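Work through these exercises with the model open. Try each task before reading its solution.

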Amino acid sequence: QEQQQEQEQQQEQEQQQEQQEEKTVADTVPESVAESQGVFSTITSIFGFGGATAAAPVPESQTAASAGDSGMSSNTGEGNDTSNSNSNSKDAPVVSAAAAAESAPQSHFPVQKEEEEEEEVQQEEQEQEVQKEEVQQQQQQEQEQQQDKEQEQEEMKEKKQKADDEAAEEDTYVWTHEQASKQLGATEYSEEQWSDMYHELGGMVNEQCPHYVAYFWPKLSFFSQEVIRRVEYLPEDMDEATQKDLQHFTRDMAYLACTWSLDPRKDNPVPGFANVTGEYMKMIRLQPDSSLDTPLLPNGLAQNTSKLMTTDACLFWTSSLFCDLGYMARDYQGDVHDEQPEDLCWSTIKMPPYGFTLFGMSLMDGMPKMTADQVGQEFSRPEYLKCQEKGLDEQEVRNICPISGHYPAGMFGLDWGVPPPVGSERRKQVNTCNKKLGNPDFTGLTSAQVHVANEGDDIDLLKPYVGPLLNATEGMERRQYFESLPREEAEKLMKQQQEQVVKALASAMGGKQNIDITQIVHMAFEQR
């Protein structure tokens with residue numbers, strides 16, 4: 001009994017202590033939670049506390065009664081059961097308001113769900129914000145790339161403009177008035193006293209230039225391309241001796257292009273010259289690009305030197321325009337080439353049925369003048385298409401005449417042709433070519449006036465050499481004498497020479513000797 005009383009007292013003390021602790025905890029729980037035992041019972045049952053419910057504190061009287069009952073039944077078998085029951089009751093968890101309060105965090109499930117949903121919303125917003133930032137960064141990168149591209153294009157444009165400006169400043173295509181005057185042999189005296197003559201005669205010559213180019217195009221095409229392929233082979237910084245050799249070769253090619261009888265086409269009016277010329281042109285073509293040696297003409301031609309004469313003016317003009325003519329010819333030729341180097345297409349076509357006609361007269365022996373119905377056919381030469389890809393462009397031919405725009409526009413009141421656009425490939429090619437040749441200083445009119453193949457001075461393509469028909473000293477003396485005369489006396493001298501020319505022209509036109517030169521020129525243009 002004493003032991004049982006001690007156990008009951010100990011249980012009572014422990015119970016009181018638990019009640020005190022429960023009361024302390026209950027004070028910390030929200031009032032709504034402490035007073036809602038039914039809610040706690042439901043929640044605890046949901047979260048696995050079985051059927052245990054929260055119990056109110058046990059009064060002391062009830063505790064003593066329970067102890068008395070236990071003591072009274074201790075001598076019977078039921079006392080032990082009661083003791084066991086109390087013991088089991090002590091070991092089992094007592095769910096009180098305090099215990100329910102301890103499990104209060106489980107009661108925040110709806111709040112947690114809201115927080116989780118809110119966290120999800122915040123996470124989505126953060127992801128959207130990240131995506132937005134990424135899009136903005138990408139757009140910014142693209143914008144920066146576009147700005148860099150535009151800046152690069154602008155810089156390239158500025159560089160190109162600067163290069164074009166520098167090229168324009170350094171562009172030597174149009175020669176100065178002084179350089180042009182030197183080429184033409186004009187002096188301060190002649191330009192002052194005879195400017196009207198330069199204008200009048202220059203206009204007539206310039207009008208005939210396109211017809212000349214069209215008629216003799218096969219030769220101009222061939223020899224100009226022989227020049228530019230050697231020019232392209234040589235460097236710009238070639239030594240002086242090499243440039244002299246190049247210039248000499250160029251003068252030889254100009255002579256061959258200007259000598260009308262040296263034409264490889266069929267129906268050449270000079271017997272035997274077509275075949276000889278064709279074979280000779282093949283020899284030149286078979287030479288390498290590095291060769292600046294011109295083969296000698298066949299000795300058989302020496303017997304007919306009267307057919308091997310040409311004018312100094314033609315050599316000057318052709319040498320000045322070989323670069324322009326050469327690149328123009330290369331463009332016309334295109335992909336049409338002879339199957340074998342030893343072939344020559346130009347020798348397979350015929351010459352026009354008329355001679356080169358000037359002022360209504362054929363200037364070629366053995367060939368009739370151009371008739372009225374043939375006027376305008378110079379640029380329509382379908383046979384040329386056998387040897388080149390493109391036909392002659394009349395406007396381009398006129399642009400290249402009389403000097404392809406190399407002289408300042410309006411000089412002597414004349415039009416000097418249309419130059420290629422500044423910065424164009426053709427203009428650059430011609431500038432480089434002329435620089436290597438040494439133009440415009442290299443070419444110009446000389447006092448020789450007439451050249452032959454065997455003169456051995458400027459032109460040395462035929463042996464034995466006989467020297468120039470008019471040496472430089474005699475030519476200079478004539479010029480100085482002419483320029484020493486007042487205009488009136490010079491005109492008298494010109495009148496005498498004019499009468500001699502009129503007689504020769506009138507004789508060629510049917511014996512009309514009493515006719516003025518201006519009437520002949522006027523009639524010639526009417527016939528054209």
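Buried means under 20% relative accessible area, and exposed means over 50%. At 13% relative accessibility, Cys314 therefore counts as buried. The model is a predicted one.

**Exercise 1. Survey the fold.**
Describe the protein as a whole before turning to details.

Solution.
- Secondary structure: the protein has 19 helices and four strands.
- Burial: 35% of its 528 residues count as buried.
- Contacts: take those between residues at least 6 apart in sequence; 75% of them join residues at least 24 apart.
- Surface: about 31,200 Å² is exposed, and carbon and sulfur atoms supply 48% of it.

**Exercise 2. Count the disulfides and give their pattern.**
How many disulfides are there, and which pattern do they follow?

Solution.
- The cut-off is a pair of cysteine sulfur atoms within 2.5 Å.
- By this rule there are four disulfides.
- Count the bonded cysteines along the chain, and the pattern reads 1-7, 2-3, 4-8, 5-6.

**Exercise 3. Analyse the link of Cys209 and Cys401.**
Find its handedness and the parts it ties together.

Solution.
- The S to S distance is 2.0 Å, and a disulfide joins Cys209 to Cys401.
- The torsion about the S-S bond of this pair is about -70°, so the disulfide is left-handed.
- Cys209 sits in helix α10 (residues 195-215), while Cys401 sits in the loop between α15 (394-400) and α16 (425-437), so the pair ties together parts 192 residues apart in sequence.
- Cys209 and Cys401 are both buried.

**Exercise 4. Do the same for Cys258 and Cys314.**
Which helices does this pair tie together?

Solution.
- The sulfur atoms of Cys258 and Cys314 are 2.1 Å apart and form a disulfide.
- Cys258 belongs to helix α12 (residues 240-258) and Cys314 to helix α14 (residues 312-333), so the link ties together parts that are 56 residues apart in sequence.
- The link is left-handed, with -90° about the S-S bond.
- Cys258 has a relative accessible area of 2%, so Cys258 is buried.

**Exercise 5. Place the link of Cys345 and Cys387.**
Are its two cysteines buried or exposed?

Solution.
- A disulfide joins Cys345 to Cys387, with S to S at 2.0 Å.
- This pair links distant parts of the chain, 42 residues apart: Cys345 is in the loop between α14 and β2 (357-358), and Cys387 is in the loop between β3 (361-362) and α15.
- With -85° about the S-S bond, the link of Cys345 and Cys387 is left-handed.
- Cys345 has 12% relative accessibility, so Cys345 counts as buried.
- Cys387 has 6%, so Cys387 counts as buried too.

**Exercise 6. Check the geometry of α12.**
Compare its expected span with its end-to-end distance.

Solution.
- At 1.5 Å a residue, the 19 residues of α12 should span 27 Å.
- The end C-alpha atoms of α12 are 27 Å apart, which agrees.
- At the start of α12, a side-chain oxygen of Asp239 comes to within 3.2 Å of the backbone nitrogen of Ala241.
- Buried residues of α12 include Leu246, Phe249, Met253, Leu256 and Cys258.

**Exercise 7. Find the buried side of α8.**
Which residues of helix α8 are buried, and what covers them?

Solution.
- In α8 (residues 177-184), the buried residues are Ala180, Ser181, Gln183 and Leu184.
- They cover an arc of only 160° around the axis, so they lie on the same side of α8.
- Glu178 and Lys182 are exposed on the other side of α8.
- The cover over the buried residues of α8 includes α9 (188-193) and α14.
- Just after α8, Gly185 has a positive phi of about 75°.

Definitions and conventions
Residues numbered from 1 in each chain as written. Predicted model: local features only at pLDDT ≥ 70, side-chain atom pairs only at ≥ 80, totals over all residues. Heavy atoms only, no water. Helix = DSSP H or I, 4+ residues; strand = E, 2+ residues; numbered from the N terminus. Buried < 20%, exposed > 50% of the residue type's maximum accessible area, 1.4 Å probe, protein only. Contact = heavy atoms within 4.5 Å. Areas by Shrake-Rupley, 256 points an atom, 1.4 Å probe, with all protein chains shown as cover. Expected span 1.5 Å × (residues − 1). Polar contact = N/O pair within 3.5 Å; in protein donor to acceptor, adjacent residues only side chain to side chain. Arc of directions from axis to C-beta.
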